[in-house]
Amino acid sequence: MFNSLSDRLNDTFDRLRGKGKLTEADITSAMRDIRMALLEADVNFKVVKDFVASTKERCLTSEVMDSLTPAQNVVKIVLDELTELLGSTESKLVFSSRIPNVIMLVGLQGSGKTTAAVKLAYLLKKQGRSPLLAACDVYRPAAADQLATLGGEIGVPVFRGDGAHPVEIAQGAVREAVDRLRDVVIVDTAGRLQIDEQMMQEAVDIKRAVKPDQVLMVVDAMTGQDIVNVVSTFAERTDFDGVIISKLDGDARGGGALSVRAVTGKPIKFVSVGEKPDSLEPFHPDRMAKRILGMGDVVGIIEKAQEMADAEQAEAAERMLREGFTMNDMLEQMRAVKKMGGMKSILGMLPGGQKMLNQMGGNLDESIFAKNEAMIMSMTAEERVKPSIINGQRRARIARGSGTTPADVNQLMKQWGEMNKMMGRMRAMAEQAGGGKKGKKGKRGKKMRMPGIPGMGSMGANPFGGANPFGGSGGGSEMDMLREMERQMRRK
């Protein structure tokens with residue numbers, strides 16, 4: 001997302017960093033480049049004009065022009081203005097005290113309302129709520145079937161009301177939620193290929209009938225500038241409380257997303273960055289601005305990792321310290337990375353990671369996950385627990401069983417060896433801190449724990465093979481490293 005815009009902006013900043021003190025001509029040239037980058041990203045013209053004017057005015061102050069690091073000041077100003085453009089702070093869903101709360105989704109056909117409804121239900125379910133989906137799109141063929149299928153996959157019931165009018169279905173869903181003790185109803189309304197009176201009136205009628213606590217507009221990121229026209233029209237007729245931007249991962253420009261908040265005044269509540277149920281994310285303007293400027297989203301990585309950190313994984317980490325790193329541990333590590341969205345997603349959230357991905361052609365071959373998993377699953381239970389017993393004959397058998405080559409198995413064994421050595425070093429440190437005995441408490445009376453993200457092991461030992469995309473050579477606490485990176489970015 002925002003790939004082309006991010007590249008253009010960073011090229012502009014690189015040229016500024018190559019200078020000492022900046023002149024007014026340097027600032028003017030940089031603003032011209034930024035304006036062109038935003039226009040090429042399909043940002044609304046008026047939004048671009050106001051953004052550049054405000055940014056230039058701040059950049060021309062003596063505080064920036066006379067400073068020792070003017071380029072850094074310019075980047076900081078652009079970051080602040082971009083964050084303001086996107087909405088400054090996160091806009092959360094507001095729930096009332098009534099049961100059930102009603103969330104109504106509106107938008108054009110093809111914008112992703114149905115999948116957004118399911119993803120929102122999944123997110124709310126993870127937060128401890130009990131959602132119910134209402135299939136109020138009676139015009140699109142199999143719309144209710146699609147919602148029922150997707151709802152079944154995430155364990156959320158769907159109220160269909162086949163043959164009834166959309167308003168009656170919405171009202172019936174509210175009654176059903178009361179009867180079944182469901183505290184949230186998500187109403188999936190009908191859309192059209194373009195805005196028409198019938199669609200708008202139906203949305204007005206449903207809103208009047210069920211009095212939703214939140215009305216969310218779902219827009220397709222790939223619509224470009226036309227997002228502004230669609231959102232503005234809905235705002236005039238039905239009004240709404242926020243926007244869900246779908247398919248953001250499929251749009252390299254992202255100009256529509258940058259325009260919505262400034263033109264309509266409506267906050268972006270969520271963005272969808274994938275097809276899976278867990279791909280709906282709360283929108284953080286400050287984090288998104290950092291990602292656009294190539295600064296990454298380290299906090300996002302930490303939050304994703306912490307979601308996965310539970311008592312079982314902490315116990316597994318301590319076992320690795322005591323007994324060493326097994327192939328079962330490597331398999332769990334790879335699966336944990338996939339749960340976090342894969343290496344491409346993680347790399348894109350690191351400072352400079354998106355630029356690295358672009359240099360690689362925008363692609364990162366994650367098929368190595370499947371290959372490594374096939375090799376590990378072709379091992380015996382004993383081999384997975386004690387990889388050191390795997391000799392040449394066993395490697396040949398594993399290669400045949402997994403459809404790979406002995407060279408592939410050798411590479412996997414090399415990765416395991418590196419990670420096992422790291423565990424040995426960490427175990428020695430733990431024993432030293434604990435008075436030289438395993439399982440004892442350290443000097444502060446606390447049991448030693450494996451540093452880092454549970455389930456991910458060391459970033460230095462890359463489950464993909466080859467060079468480590470994160471840099472470095474392994475060891476240390478990756479959680480501490482991520483937090484330190486975030487602190488450095490804040491200081492800048």
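This section describes the nonpolar cores and two helix pairs of a predicted model.

The largest nonpolar core comprises 70 residues, and within this core Phe13, Val187, Ile245 and Leu258 touch the most other members. Helix α5, which spans residues 70-86, makes the greatest contribution to this core, supplying 9 residues. A second core, separate from the largest one, contains 23 residues, including Leu123, Ile154, Ile244 and Phe270. When neighbours within four places in sequence are set aside, Ile245 is in contact with Val219, Ala221, Ala257, Ile268, Phe270, Val271 and Ser272. In soluble globular proteins, nonpolar side chains tend to be buried together.

Two packed helices are described by the angle between their axes and the distance between the axes. For helix α2 (residues 24-40) and helix α3 (residues 45-59), the axes come within 10 Å and cross at roughly 155 degrees. Because angles over 145 degrees count as roughly antiparallel, this value makes α2 roughly antiparallel to α3. The crossing in which α2 passes α3 is right-handed. On the side of α2, the contact is formed by Ile27, Thr28, Met31, Ile34, Arg35, Leu38 and Leu39, which meet Phe45, Val48, Phe51, Val52, Thr55, Lys56 and Cys59 in α3. By residue class, this contact of α2 with α3 consists of 10 nonpolar, 2 polar and 2 charged residues.

Two further positions relate to these helices. Ala53 lies in helix α3 and, with a relative accessibility of 46%, counts as partly exposed; the C-alpha atoms of Ala53 and Met31 are 8.5 Å apart, although the two residues are separated by 22 residues in sequence. Leu22, by contrast, is located in the loop between α1 (3-17) and α2, and its relative accessible area of 4% places Leu22 among buried residues. Between Leu22 and Leu60 the C-alpha to C-alpha distance is 9.4 Å, at a sequence separation of 38 residues.

The second helix pair involves α5 and helix α12 (residues 285-292), whose axes come within 8 Å and cross at roughly 130 degrees. The two helices, α5 and α12, are therefore oblique to each other, and α5 passes α12 in a crossing that is right-handed. In this pair, Leu79, Leu82, Thr83 and Leu86 of α5 meet Pro285, Asp286, Met288, Ala289, Lys290 and Ile292 of α12. The residues in the contact of α5 with α12 are divided into 7 nonpolar, 1 polar and 2 charged.

Methods
Residues numbered from 1 in each chain as written. Predicted model: local features only at pLDDT ≥ 70, side-chain atom pairs only at ≥ 80, totals over all residues. Heavy atoms only, no water. Core = buried A, V, L, I, M, F, W, Y, C linked by side-chain atoms within 4.5 Å. Buried < 20%, exposed > 50% of the residue type's maximum accessible area, 1.4 Å probe, protein only. Helix = DSSP H or I, 4+ residues; strand = E, 2+ residues; numbered from the N terminus. Contact = heavy atoms within 4.5 Å. Axes fitted to C-alpha atoms, helices over the stretch in contact; angles between N-to-C directions. Parallel < 35°, antiparallel > 145°, perpendicular 65-115°, else oblique. Left-handed = near helix turned anticlockwise from the far one by under 90°. Nonpolar A, V, L, I, M, F, W, Y, C, P; charged D, E, K, R; others polar.
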